[in-house]
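Trainee: Could we go through this model together? I would like to check how each label is earned.
Mentor: Gladly, let us start with the terms and work from there.

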Amino acid sequence: MDWFDLLKALILGFVEGMTEFAPVSSTGHLIIVDDMWLKSQEFLGKYPANTFKIVIQLGSILAVVVVFWKRLFSLVGLYKIEGQQASSSFNLLHVIIGMLPAVVFGFAFKDLIDDHLFGVETVIYALVAGAILMIVADKFGPKKPTVNSLDEITYFQALKIGLVQCLSLWPGFSRSGATISGGVLFGLNHRVAADFTFIMAVPIMFGASLVSVLKNWDTLSMDYLSFYIVGFVSAFVFALISIRFFLKLISRIKLMPFAIYRLVLAAVLAIIVFL
């Protein structure tokens, strides 16, 4: 691993960290940047390269843990949120219900996703589809949200958001874009939808990363350990910087600017790829 390879890992970590919490698809951006320019697959191999794209998300997830540690610890009984009523408050069951649909579909279609959906062309279509969902959420969601804190989310709302999250299994669609849009459509305000999205991402992304690493264990090499470490640390640092900024921004500008960005990016990529 020379310094230029490690620079590629740093760049990919930057892309992951800066896009994981915006509804623009971190995986989609990683595929675009890597497949079109950095081409880590050429020296890592196909499956280790795909695993790298998933594993560095753990760096971003660690940033979520740092930012939301009180709420996350309260879910497992290690911290008490002041004023929280145990009988009606946001709890671990909300998270389990919300993540269950994506876990089931993810296990069922993982090979299909790895083999056929990790490509620039499929990302272009996903960028457009995700943008349409975000526009629909902003335009047709309730004008006055009925849920203005995590503790007001119902189990049925968590399930419906979880079903929408399944769309994010399509690389380029965006996990946060799908779940925030779903949350807004089902009565959550934008900030609460974002909070629920990031908290729910911790177990589901950790599980996805673990499964991918175990599946591709035989293809991994200690020769690439430094590449993985640099990518992980880079993603963590830049995610920590971006997450607080996004959570403040989403309440003011909502989803429309991100949808427009996705459509512009899809158009530019379509010109590059198809013309």
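Mentor: A polar contact is a pair of N or O atoms within 3.5 Å; within protein, one must be able to donate a hydrogen and the other to accept it. Keep in mind that this is a predicted model.

Trainee: What does the side chain of Ser174 reach at 2.8 Å?

Mentor: The side chain of Ser174 reaches the backbone nitrogen of Gly177. The cut-off is 3.5 Å, and the distance here is 2.8 Å, so this pair counts as a polar contact.

Trainee: Why is Ser174 called buried?

Mentor: Buried means under 20% relative accessible area. Ser174 has 5%, so the label fits. Ser174 sits in the loop between α9 and α10, and its contacts beyond four places in sequence include Pro23, Ser168 and Arg262.

Trainee: Arg262 is also among the buried residues of α13. How do you know that the buried residues of α13 line one face of the helix?

Mentor: Seen down the axis of α13, they fall within an arc of 125°, so they line one face. They include Phe258, Leu265 and Leu269, and what covers them includes α2, α8 and α12.

Trainee: What makes the length of α13 agree with its 19 residues?

Mentor: At 1.5 Å a residue, the expected span is 27 Å; the end C-alpha atoms are 26 Å apart, which agrees.

Trainee: Which residues touch the most other members of the largest nonpolar core?

Mentor: Phe68, Phe198 and Phe246 do, in a core of 47 residues. Helix α11 gives the largest share, 11 residues.

Conventions:
Residues are numbered from 1 along each chain as its sequence is written. This is a predicted model: local features need pLDDT of at least 70, side-chain atom pairs count only at pLDDT 80 or more; totals for chains, interfaces and linings use all residues. Side-chain values use heavy atoms; hydrogens and water are left out. A nonpolar core is a set of buried Ala, Val, Leu, Ile, Met, Phe, Trp, Tyr and Cys residues joined through side-chain atoms within 4.5 Å. Buried means under 20% relative accessible area, exposed over 50%, partly exposed in between (1.4 Å probe, protein chains only). Helices (H or I, at least four residues) and strands (E, at least two) are DSSP runs, numbered from the N terminus. The expected span of a helix is 1.5 Å times one less than its number of residues. The arc is that of the directions from the helix axis to the C-beta atoms. Contact means heavy atoms within 4.5 Å.
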